[in-house]
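Okay, thanks for making the time, everybody. Let me put the structure up, and then I'll walk through the bits I'd like you to look at.

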Amino acid sequence: MLTAYELNIKATDGGGLSAYCKVQVDIEDENDNVPEITLSSVTNPIPEDSPPGIVVALFGVRDQDSGDNGRTTCNTDKNLPFILKLIENNYYQLMTQQPLDREQMSQYNITITATDQGSPRLTSMTVISIQLSDVNDNPPMFERSFYDLHLRENNIPGLLIGSVHAVDVDTEQNAKLTYWLLPGKIRDVPASSYISINSETGNLYAIRSVDYEDIQDFQGSPPLSSETMVRVLIRDENDNAPFVLCPLQNSTSPSKELVPRGAETGYLVTKVVATDRDSGQNSWLSYQLLKATDPSLFAVGTQNGEVKTTRPVNIRDSFKHTLIVAVRDNGHPPQSVSATLRILLVDGFSDPYMKIMDNPKGEVPQEEDHTLTMYLIICLVAISSIFLLSVMVFIATKFQQRRKFIGNSHSASHFPVGHNLQENCGDRTSEAYCQAYNYEVCLAGGSLNSEFRFLRPIFPIFSMDPKNSTDSQDTKTHVKEDELMSQHVVEKQTYTNSLILVSAIIQMVSHN
């Protein structure tokens, strides 16, 4: 645009004469143009950890007016972490002057204002938008610094206990959280054997079933780069029945409480003491009289378990009483146990009287009864063994004597049998010959008395010389045979009786 003009002017008269001149016209500027801002480069986004002095944008300002009307200045809003720096020829740099924090301000809209020096002054503005890129400069934070989670005992493995939650003010991958347990031990056992955590959601699960009476609580720490303490409190369940401490219920000889015959109403007989491994109301115990030999004579305190008389004891009351006391807890569902009390009504508390009452006439203590039975069995076994040994020795002796007797008889008689029959008994017309017989003895083993069956002769036995044989010889032969058979019968009967006696002893021992 031209700011001045030159004009050549020619003047001519009527006679033909002319003259020349030059006219210069200068254009006086008016402030009619606003400054123009032109961006050359912009870095967008920029890391939030960018240090001060980093160039964010480069731009230039131009005003078509001249003089003061074309002379411009630029500035930005105050209280921003950015600053403008003039380079040359109306070029400016937008630079950082303070540390940036994306979590406080993730985007800046910077307004650049250009103003000329004309009159009136003209102004133009432009906005540069700067975004800050995230840097993982913030650790995750848990919503609470301490978590109390409750778990019922006797839980099923894999039960969800609760969850922990953390947040991270960073974005995208920098805000993705992963949970895990810190290494540690719970009662010398790795914590990971009691509890596990979902790495993505932070849900906590019980790995094993826990018992309140064994462990009441345990602690673990599920962290990323920050930590929180997690304490799991075990809630008691009513899984234990009351246990009677006094009187002992597992004693071999049950204890007996003595009450004088002259006891008045409210006399303290004894006190049932019980405990419960549970806690809270699950361990609150109450006592109740379930059964009694005489329900009108004794009562049990509901809260303290004291057994007292409800009326005076008189002479007509039985000397022995049995009470069954129930002990019940206050859990849901309630559990109970019973205790048996044995009470004796006595006229005095002397030691001899107590022993008499403990062992009434005709009653043998159970322990002594067992000892007596054991001694009886030992004696019976020893006697039976000695008796059997004696019988066996007796039978062997008699059998040996029998064999010797038979041998001597055969050698002395010289009775022929078989083929020599015709030779020795050739004279059948003689009336003086003698004939001997052998008999087979059959004994019935199932009878207590020996029974004999005389069968036919096995073979006849003749003497060598019938003519010379006498009645005395024949008589001796028959006597020897009778003695032999009698000995055999006695031995058989003795053996049978021995078997019967042993069977009776075994049956008696088995019955005891």
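Proline 45 sits in the loop between strand S3 (36-42) and strand S4 (46-47). Helices and strands here are DSSP runs, H or I with at least four residues for a helix and E with at least two for a strand, numbered from the N terminus. The peptide bond leading from asparagine 44 into proline 45 is cis, with omega near 0°. There's also a cis bond between cysteine 246 and proline 247, with omega about -5°, and proline 247 is in the loop between strand S21 (243-246) and S22.

Before I go on, the housekeeping. This is a predicted model, so local features need pLDDT of at least 70 and side-chain atom pairs count only at pLDDT 80 or more, while totals for chains, interfaces and linings use all residues. Residues are numbered from 1 along each chain as its sequence is written, and side-chain values use heavy atoms, leaving out hydrogens and water.

Now, backbone oddities. Most residues other than glycine have a negative phi, and most peptide bonds are trans. Asparagine 90, though, has a positive phi of about 60° without being a glycine. You'll find asparagine 90 in the loop between strand S7 (82-86) and strand S8 (91-96). Is asparagine 90 buried, partly exposed or exposed? It's partly exposed, at a relative accessible area of 29%; buried means under 20%, exposed over 50%, and partly exposed is in between, with a 1.4 Å probe and protein chains only. Glutamate 172 also has a positive phi, near 55°, and is not a glycine either. Glutamate 172 is in the loop between strand S14 (166-167) and strand S15 (185-186), and it counts as exposed at 72% relative accessibility.

Zooming out for a second. The protein has 4 helices and 31 strands. Of its 512 residues, 29% are buried. If you take contacts (heavy atoms within 4.5 Å) with a separation of 6 or more, 64% of them are between residues 24 or more positions apart. The exposed surface is about 32800 Å², with 53% of it supplied by carbon and sulfur atoms; that's Shrake-Rupley with a 1.4 Å probe, and for residues only the protein chains shown count as cover.

On to the sheets. Strands of a sheet pair through backbone hydrogen bonds, either parallel or antiparallel. For our purposes, two strands pair if DSSP finds at least two bridges between them. One open sheet has 4 strands in the order S22-S29-S28-S25, with mixed pairing. The edges are strand S22 (256-260) and S25, each pairing on one side only. From one strand to the next, the twist averages 35°; the axes are lines fitted to C-alpha atoms, for helices over the stretch in contact, and angles run from 0 to 180 degrees between N-to-C directions. S22 and S29 run parallel, over 5 bridges, and proline 260 stands opposite valine 346 in S29.

Then there's an antiparallel open sheet of 3 strands, ordered S23-S27-S26. Its edge strands are strand S23 (268-271) and S26, each with pairing on one side only. Ignoring direction, neighbouring strands in this sheet are turned by 20° against each other on average. S23 and S27 are joined by 3 bridges, and leucine 268 has lysine 308 as its bridge partner in S27.

Stay on S27 (residues 306-309), where threonine 309 is found. Threonine 309 is buried, at 3% relative accessible area. What does its side chain reach at 2.9 Å? The backbone nitrogen of tyrosine 267, which fits the polar contact rule: a pair of N or O atoms within 3.5 Å, where within protein one must be able to donate a hydrogen and the other to accept it, and residues adjacent in sequence count only if both atoms are side-chain atoms. Leaving aside residues up to four places away in sequence, threonine 309 touches several others, among them Glu264, Val269 and Phe298.

Last stop, the largest nonpolar core, which has 21 residues. A nonpolar core is a set of buried Ala, Val, Leu, Ile, Met, Phe, Trp, Tyr and Cys residues joined through side-chain atoms within 4.5 Å. Those touching the most other members include Val272, Phe298 and Val327. Strands S25 (285-292), S26 (298-300), S28 (320-329) and S29 (336-346) each give two or more residues to this core, and S29 has the largest share, with 4.
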